[in-house]
Amino acid sequence: MPLALAHVAAAPAQSTQVFILSNGTTTLPTGAAGDLSAEAQAYVATALADDQKLVHLNHFSHQHYFVVLAKKPTPEQVAEALRRSGHALHGQLKKEKTAEIFIHNLSETPDAALLLAEGLALTAYQFEGYKTDEKSRKPATLTTISVVGDAATPASLTELDGLLQGVTLARNLVNAPLNKLNAIQLAESIATAGDEAGYTTDILDLPKIEALRMGGLLAVNLGSPEPPTFSILEWKPEGAQNAKPYVLVGKGVVFDTGGLSLKPTPNSMDMMKCDMAGGAAVAGTLYALAKNNVPLHVIGLVPATDNRPGGLAYAPGDVITMHSGLTVEVKNTDAEGRLLLADALSFAKKYDPELVIDLATLTGAAVRALGTEATAVMGTADTATLAELSAAGHRVHERLVEFPLWDEYADHIKSDIADLSNLGKGEAGQISAAKFLERFAKGYPWIHLDIAGPAFLTAPESYRGKGGTGMGVRLLYAFLTNKLSK
């Protein structure tokens, strides 16, 4: 059961309530004291004076929680601390088997209730999974988060709910295994989500992909018993403010064995169901934009296949001709994601886009450089656009670190027999991969996001959880909606 967000004028008596207090609060404001006894108020005041950031008052029939804003140097860090407070609060609510809470914002941060609710809701996400025992299939107790009075507007809660549904879609797609989500099923799931939210989906099948001569996608698919797909998602509402569309491109490798350049295992191939996280993020972003009726024209492109060593699988040494007409020498079949993306980036030119952003779990080099805490970003867009995207990353705590695309890195992908090689040197792998993509991202400003680190977590981490995080949805939504005229 999805978690519902609601707006209410007042909290009912004997309900579980959460009060957000300003940093430095040592005595309860009138709005938080309510009908608390003098003893209860004294207990909370003592806890606040002791600098506790989450105070729990147990009335047995219901609970009171007091969340104190963290003292941080920037508003973005305060916001992230509130999301993490939501995660901590969720642990308490789960322990108490609470079904509904009512949030009051008594702090000086206007959107504190929304941020706390965001952290709560992202923490509350559960992948439905495939367990059959009754306990595992029992729905979560918490069903409703209600924000009281002017702590948030009904419209802002509706928007947050639409965004969270987009994140949930992305997480669900990433967490599904290959035998439940092959390339065809991914395309169909994206189309079904579009029917729900309001965007359209055109699924190109194998004959259409062949007609378009998408040599990269076709080569990676050669070892698979199942055909590839190329999904075109479009959200074009009446009154869209942008004359030229924003195009989002997402890698859709539904499982990556490495092909004939087989990955070692464990801790390499085992979690490669997540290799379509870029495509999932594109779908989740389009879902959120459509659900919230954001007046922007946005197109999503998701080339999809699995990468296997069977049948007529492409081999190291092969030379393939891409959609753009460039030739590529295959040095390693595990450098497959860039081949799919290159065809999609070449195809994107037909839309005369305002900006193209691609997302991909592309390189282990990005993970080694940044861990799971940040995304590597590179591109040809101007510095102002890159700065806007980075600022959006800080607002939602999906942070970006820019790497250079200097001309010298082109030497890393030179080939003796083709226009370029699909594999760079042993160093700067995230840069050589982006340098490869740059050759196909022609005729428009372009940004590449290597989300290999934060897209999938093997251990729980605050509200990001374990497994698919939905990385990219909140980032792109914040960036794109900031483009709207105020």
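Which residues in H15 are buried? In H15, the buried residues are Val473, Arg474, Leu475, Leu476, Tyr477, Ala478, Phe479, Leu480 and Thr481, where buried means under 20% relative accessible area, as opposed to exposed at over 50% and partly exposed in between, with a 1.4 Å probe and protein chains only. This helix is thus described as mostly covered, with nine of its nine residues buried. The model is a predicted one, in which local features need pLDDT of at least 70 and side-chain atom pairs count only at pLDDT 80 or more, while totals for chains, interfaces and linings use all residues. Residues are numbered from 1 along each chain as its sequence is written, and side-chain values use heavy atoms, with hydrogens and water left out.

One neighbour of H15 (residues 473-481) is H10 (residues 277-291), and the two helices pack at an angle of about 45° with their axes 9 Å apart. That angle makes H10 oblique to H15, given that angles under 35 degrees count as roughly parallel, over 145 as roughly antiparallel, 65 to 115 as roughly perpendicular and the rest as oblique. Helices here are DSSP runs (H or I, at least four residues) numbered from the N terminus, and their axes are lines fitted to C-alpha atoms over the stretch in contact, with angles from 0 to 180 degrees between N-to-C directions. From H10, Ala281, Gly284, Thr285, Ala288 and Leu289 meet Val473, Leu476, Tyr477, Leu480 and Thr481 of H15, contact meaning heavy atoms within 4.5 Å. The residues of this contact of H10 with H15 divide into seven nonpolar, three polar and no charged.

The largest nonpolar core (buried Ala, Val, Leu, Ile, Met, Phe, Trp, Tyr and Cys residues joined through side-chain atoms within 4.5 Å) has 96 residues, of which Ile103, Leu186, Tyr199, Ile447 and Leu449 touch the most other members. H10 gives the most to this core, with ten residues. Ile447, not counting residues up to four places away in sequence, touches a set of residues that includes Leu355, Ile357, Val377, Met378 and Leu389. A second, separate core of 50 residues includes Leu204, Met322, Leu326 and Ile431.

Elsewhere, the axes of H4 (residues 112-124) and H6 (residues 154-175) come within 11 Å and cross at roughly 25°, and H4 and H6 are therefore roughly parallel to each other. Their contact is made by Leu114, Ala117, Glu118, Ala121 and Leu122 of H4 together with Ser156, Leu157, Leu160, Leu164, Val167 and Arg171 of H6. The residues of the contact of H4 with H6 divide into eight nonpolar, one polar and two charged.

Terms used
Nonpolar A, V, L, I, M, F, W, Y, C, P; charged D, E, K, R; others polar.
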